[in-house]
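Biologist: Please take a close look at the charged side chains and how they pair. I would like one connected account.

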Amino acid sequence: MNMQRSMLAVLLASTIAMPAVSAEQGGINAEQGISAISLPVANNAEADAQLSAEELAKQQAAEQAQKQLEAIIGASGLEGLGEQARNLAQQVLNETQAPLGFQYDVVDRLTPLWAPVALQNTLASALASLDDQQRELLQSTLNSRRLQNARSKELSAIADQDNRNYQDYISRLRQQPPAPARVALIKQLDEAMQFSALLSVTRSSVYPQLQAVLRNWQPPRDWQAGLQRDVTEFLLYVHRTTPNDELQRLAQAYREPVLQQWLAGVKKSLSRQAG
């Protein structure tokens with residue numbers, strides 16, 4: 001692994017402050033003695049027990065909601081946007097041979113939005129508009145066999161990107177483009193996933209931070225078109241063995257309204273914070 005890339009990941013991780021867990025403890029001050037206990041002690045005990053039961057129920061509900069939130073985010077794969085942001089920044093730092101001090105400056109600028117905890121908070125905030133039933137439907141949709149199989153293919157393709165086979169496949173695509181109907185299905189899937197749209201928001205967030213540190217650097221003039229081409233080629237590789245009718249069903253699964261609502265909320269939150 002490239003040393004600079006490792007350094008950026010370590011620096012981003014080291015800036016994360018994990019929330020502390022606190023608890024309030026009650027009771028009778030020992031200095032007050034037995035006289036502090038009034039006559040209706042049984043009633044007080046019952047009230048305390050009831051309060052404790054209510055607090056316990058709230059705590060259990062909060063823990064369950066947190067587990068569901070983590071499950072939804074994990075199944076979506078959207079935490080990978082943070083990795084995309086870090087990799088993009090590191091690539092530019094490497095290409096410009098930026099001094100190490102500049103790397104610290106970039107980390108300071110990326111951390112508020114793209115450090116893992118910060119990104120998870122952003123993804124979670126987009127769930128706030130969903131009620132319990134919608135969250136359950138969202139979780140069920142993301143955990144469906146069809147979407148999980150697609151996610152598995154995506155992760156496998158990501159692992160292949162540095163391999164010769166992947167590069168050879170992309171070269172063949174550019175020399176012999178697939179049928180227009182096949183490309184159209186892939187683009188429909190991309191639109192339903194909001195894949196390139198979310199990556200575009202990510203780059204739109206990272207590029208200004210790099211420009212603020214690297215004064216003489218400018219992003220590629222046609223980066224949006226290049227991004228769209230890269231996404232199309234990546235998805236063609238991911239689904240190189242997926243039949244057309246399955247691509248249609250997969251795109252339809254992503255069009256589930258509650259999933260589209262959440263993805264749109266994520267994109268809006270990232271755009272607002274980046275701007």
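Modeller: What follows is a walk through the salt bridges, then a charged residue without one, then the nonpolar core.

This is a predicted model, in which local features need pLDDT of at least 70, side-chain atom pairs count only at pLDDT 80 or more, and totals for chains, interfaces and linings use all residues. Residues are numbered from 1 along each chain as its sequence is written, and side-chain values use heavy atoms, with hydrogens and water left out.

The structure holds eight salt bridges. A salt bridge here is a side-chain nitrogen of Lys or Arg within 4 Å of a carboxyl oxygen of Asp or Glu. One of them joins E83 to R86, at 3.0 Å from N to O. The two residues are three apart in helix α3 (residues 80-96), so about one helical turn separates them. Helices are DSSP runs of H or I, at least four residues, numbered from the N terminus. E83 is partly exposed, at 33% relative accessible area. R86 is buried, at 14%. The cut-offs are under 20% for buried, over 50% for exposed, and partly exposed in between, with a 1.4 Å probe and protein chains only.

Helix α7 (residues 145-160) holds R151 and E154, three residues apart, again about one turn. Their salt bridge has its closest N and O atoms 3.4 Å apart. Both residues are buried.

In helix α12 (residues 244-254), D245 and R249 sit four residues apart, about one turn of the helix. Their side chains meet in a salt bridge at 3.5 Å, N to O. D245 is partly exposed at 38%. R249 is partly exposed too, at 41%. Salt bridges with shared partners join R146, D245, E246 and R249 into one network.

R203 is another case. It lies in helix α10 (residues 195-213). R203 is buried yet has no salt bridge; D230, the nearest side chain of opposite charge, is 4.5 Å away. Here Lys and Arg count as positive, Asp and Glu as negative, and His and the chain ends are not counted. Beyond four places in sequence, R203 touches L88, P208, W223, L227 and D230. Contact means heavy atoms within 4.5 Å.

Now the core. The largest nonpolar core has 63 residues, and W114, L138, L210 and W262 touch the most other members. Helix α11 (residues 223-238) gives the largest share, eight residues. Such a core is a set of buried Ala, Val, Leu, Ile, Met, Phe, Trp, Tyr and Cys residues joined through side-chain atoms within 4.5 Å. Leaving out residues up to four places away in sequence, W114 touches several residues, including R86, L81 and L270. R86 is also the salt-bridge partner of E83.
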